Amino acid sequence: MSAVRRLLCLVGLPLLLVGLLTPFLPLLLWSVAGGYRFPALLPAQTTGRGLRLLTDPQTKVLTGLENSTVIAVSVAVVAGLIGLSAGRALGMHRFRGRRLVQFLLLAPIIVPGLAVTLGIQVFFIRYGLAGTRLGVVLVHLVPTIPYVTLVMSSVYANFDPAYEEQARVLGAGPVQVQVRVTLPAVLPGLAVAALFAFLISWSEYILTLLVGGGSVQTLPLLLFAYVGSADVNAAAVLGLALVLPPMLLLGLTAVLLSGRPGPAGERALAGLGRV
Amino acid sequence: MPLLLAPALLPIVVLFLGGFAFGVAQSLGYQPYLGSRPVSLAAYRALAGDPAVRAAVGLTFRIALVSTLVSAVLAVVSALLIRRTGRGRRLVTLLFQVNLPVPHLVGAVSMLLLLGQSGLLARLGHAVGLVRAPADFPALTADRFGVAIVAEYVWKEVPFIGVVVLAALTGAVAEIEDAARSLGAGPWQQFRHVTLPLITPAVLSTSVIVFAFTFGSYEVPVLLGRPFPATLPVVAYQSYVDVDLAARPQAMAIAVVITVLVGLLVLVYLRLSERWLGRGLGGRR
Amino acid sequence: MTRARRPLAAAALALAPVLVLAGCGGGSSSTKTDATARLDPANWASVQKAARGQTVNWYMYGGEEPLNSFVNGYVAGRLKKRGVTLNQVKINDTVEAVNKVLGEKQAGKKNGSVDMIWINGENFATGVQAKLWYCGYPAKLPNSKYIDYSDPALANDFGLPVRGCETPWQRTTSVLVYNPAKLGAGDVTSVASLFAWAKRHPGRFTYPAPPDFTGSMAVRTFFYDAAGGPQQFLGGFDRRRYTAPAAKLWDRLNALEPSLWRRGTTYPAGQPDVTKLFNNGEIDAYLTYDSTAVQSGIDQGTLPKGTRSAVFTAGNIGNYSYTAIPADAAHKAAAMLLANELISPAAQLVNAGGQGAGFTPVLVTSRLDAADQARFRSLPQPPSQVPLDVLAMHTLPEVSSAYVTALEKDWKANVLQK
């Protein structure tokens, strides 16, 4: 290896890691900062005000947390199941109109959710879905279905139908085949798909604003409101609160999938690369 | 077969296609529950003459393109660097993915606090004597080029693209590279003829996703950008919530324009990738 | 079951409880809406009875933390004693709430999710035009005896007659908040002296971009100055009177741009951004509607110690803000209770005393009992704030919201997009 390349390799990685981790620093600093003005590098005093804000019933942060969790979990479950069936259809079957179906199911990854939700909002109001958690769950399905479909179709594409055939030949009923042969094989991929759906729903702002608008407060909406106020301390604390559960969930999933993407998990991710 | 696809297609057709269709209808003047209105292209004509919209198209394209290119290049470089790591590779991979679950909204808040003129970097500059007052620090937020916006996108999307690239560079690739090396190929040739073709599909597909996302994102440019020029989604939302209901068809028109622009892109991409790479979604090789 | 049906069945089974869970709770949880029998505000006992057990969804600008504490603490507590739950819905701009009511009316929704809005000006006018408001009750509220509804200053909202469609809540006069170490007494006496100071110290002043509420006020303040006062604009919109002073205004503001923050190439998106700039020492002065929240800002740490405020010799724009109840509101009784509570002497005192946001009371002090009068007289007057009586003497009226809209549109075209 040339000297230049060696230098690049030596410096590159630390630089990368610094770049990735630095943006967390201001959140941590401002979350405990009282009276933290330019040009102070470190906060002059620390305050627990931001933290108290989290549990203060007046600020509705706990309500936001509850709404965010219920909605994101619901979306993860529903989208996961949707991905399970659609992924099977696309990954294991060839049929006419497959291209069209692929295009339709992928389109929401590409077309911004804002653009289509503006058009449909008045109907959400009309049919009583606006301002309800159900309405928000439904609208969150739009950006999540493409991802779960991508992941699951890739998983099913790499699933050898011979396993199912063998099981049937050996006398297993259709239920047993699914539950004892197919499901365990696709489960890691399903976990990844559901995780994607959870993350997307948890982080969603503009769709929740349009459909939930005021009545359904989720954590991103609350954070946006605090960012729009002069209270940086509260915004930083809420930002950290918004980040923590997904990180824990991601860590948990990684651990459950034995610490690193195994062949199934890798194929799930590679599913994203096979558009 | 259709039953398998029904749960997926139903929400997409009703909410996605329906939303788009009603957006088009409303952009042409149809206003539901308000009685019949004349149908016309007036909203689109108004868009063409609106300086905010004209400026928004250029700005949105610029930001999306720059973010995607920079993210893709940095992601490939990062993936290669990580692959080269011996000990501590698991830790490095873990750290590489640490910001994947971070919502873009939180990333935008971070960038505000980090890159603002009175933010952390500026204070660091003050500590080393380079910056005397906030105004001396370069304007990275609410600036003409959207530097902080691009920075936020790059920060989030490099690991996203990088992780997919890493997944494409499975163990088999190392064997092929070894084979190439034993046949006398130099490092650049290895990269060009072995590595690059293997990661190209992954990079291309994630890049399209990144481009589309950065094009249509709302919360990041509204927090890190300036009132004028703003990006298309920001202008669309502002027109939508304008109390003057006459602005509603214009808001829908902008939404339709966004959809068409991005939709055209993905169509072009799918055609090209089929011709060049010969593969579709999932499916066996 | 066939293989194809399996995932679908599983989906349906899992979907049902999940959707039930998602559907219940969340949203505006109301236990009961108004009875179909019409409410008679004159019969206050019946209103109180109807309100018991209701939740009132109050949509209000949520960027002022002291005000939020007042609302969710003191006011919510008082309502709780009468069996009413207060649900404050924070919004970034009042137009969002009006849009919501409008959207629900268009979509034919009967029991609206908005019970009350903190509102004035253009937004109120839009609602009047679209017939959104429930009217006829304010004068019948028990605490209305302390208010002089014939006072033209509050009988007209930005020049539009209120006609009993909203109840007053707060009065405010805008002020210039500044750093006394950087601006002298002579610099804060008028718009002209302020601009002159800005030109000598470039980059240290700015205002938020309209249609932000405060940014709009700033542009109007400069407009009054360019036109020599608001007198000729009271009354309906007259384009002939508007054009010349407006043109003069755009010239002045464009000439000012190089002396503004970021050399005027951009403007802060909203008033909280301006406050943050001031707090971080990036600017030294700004205009605000919140004349009596300066001290609480200092106490809370969102404003530096030593901050001062001032009114111009020629006066600053002031207005009343109100609470309005949509005609389609689901909980009108509870909303009326809330409107009444907000104009009670006790509530007005608590807030004026700086424990809340500290706003100027709308009550006529001579109508209060002796004890309350004494309490109002002994309200603290922190040095950072302009005394209430000085503020009262230097208040300029608002003009018709048609002028407001015209100024916002033209500012965008002539200043922002240039």
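Student: Is A:Asn233 buried or exposed?

Tutor: Happy to start there, with the note that this is a predicted model, in which local features need pLDDT of at least 70, side-chain atom pairs count only at pLDDT 80 or more, and totals for chains, interfaces and linings use all residues. Residues are numbered from 1 along each chain as its sequence is written, chains are lettered from A and ligands numbered from 1 in the order in which they are written, and side-chain values use heavy atoms, with hydrogens and water left out. Buried means under 20% relative accessible area, exposed over 50%, and partly exposed in between (1.4 Å probe, protein chains only). A:Asn233 has a relative accessible area of 5%, so the residue is buried.

Student: Which backbone atom does the side chain of A:Asn233 reach at 2.9 Å?

Tutor: A:Asn233 sits in helix α12 (residues 232–256) of chain A; helices (H or I, at least four residues) and strands (E, at least two) are DSSP runs, numbered from the N terminus. A polar contact is a pair of N or O atoms within 3.5 Å; within protein, one must be able to donate a hydrogen and the other to accept it, and residues adjacent in sequence count only if both atoms are side-chain atoms. One such partner of the A:Asn233 side chain is the backbone nitrogen of A:Gly50, at 3.1 Å. The atom at 2.9 Å is the backbone oxygen of A:Trp30.

Student: How many residues does each chain bring to the contact of chain A and chain B?

Tutor: Contact here means heavy atoms within 4.5 Å. Chain A and chain B bury about 8500 Å² between them, 79% of it on carbon and sulfur atoms, where buried area is the accessible area (1.4 Å probe) that two parts lose on being put together, summed over both. The contact takes 95 residues from chain A and 97 residues from chain B.

Student: And how many salt bridges are there between chain A and chain B?

Tutor: Polar contacts do turn up there, with eight residue pairs across the interface of chain A and chain B (both at pLDDT 80 or more). A salt bridge needs a side-chain nitrogen of Lys or Arg within 4 Å of a carboxyl oxygen of Asp or Glu. Between chain A and chain B the count is zero.

Student: How many helices does chain B have?

Tutor: Of the 285 residues of chain B, 55% count as buried. The C-alpha trace of chain B spans about 75 × 65 × 30 Å along its principal axes. Strands number zero in chain B, and helices number 12.

Student: How far apart in space are B:Gln26 and B:Arg248?

Tutor: B:Gln26 belongs to helix α1 (residues 2–27) of chain B, and with 6% relative accessibility B:Gln26 counts as buried. In sequence, B:Gln26 and B:Arg248 are 222 residues apart; in space, C-alpha to C-alpha, the separation is 7.8 Å.

Student: Which cysteines does the disulfide join, please?

Tutor: A disulfide is taken as a pair of cysteine sulfur atoms within 2.5 Å, and the search over all chains finds one. Its S to S distance is 1.9 Å, and the two residues are C:Cys135 and C:Cys165.

Student: Why is the disulfide of C:Cys135 and C:Cys165 right-handed or left-handed?

Tutor: C:Cys135 is partly exposed at 35% relative accessibility, whereas C:Cys165 is buried at 11%. The torsion about the S-S bond is about 105°, so the disulfide of C:Cys135 and C:Cys165 is right-handed.
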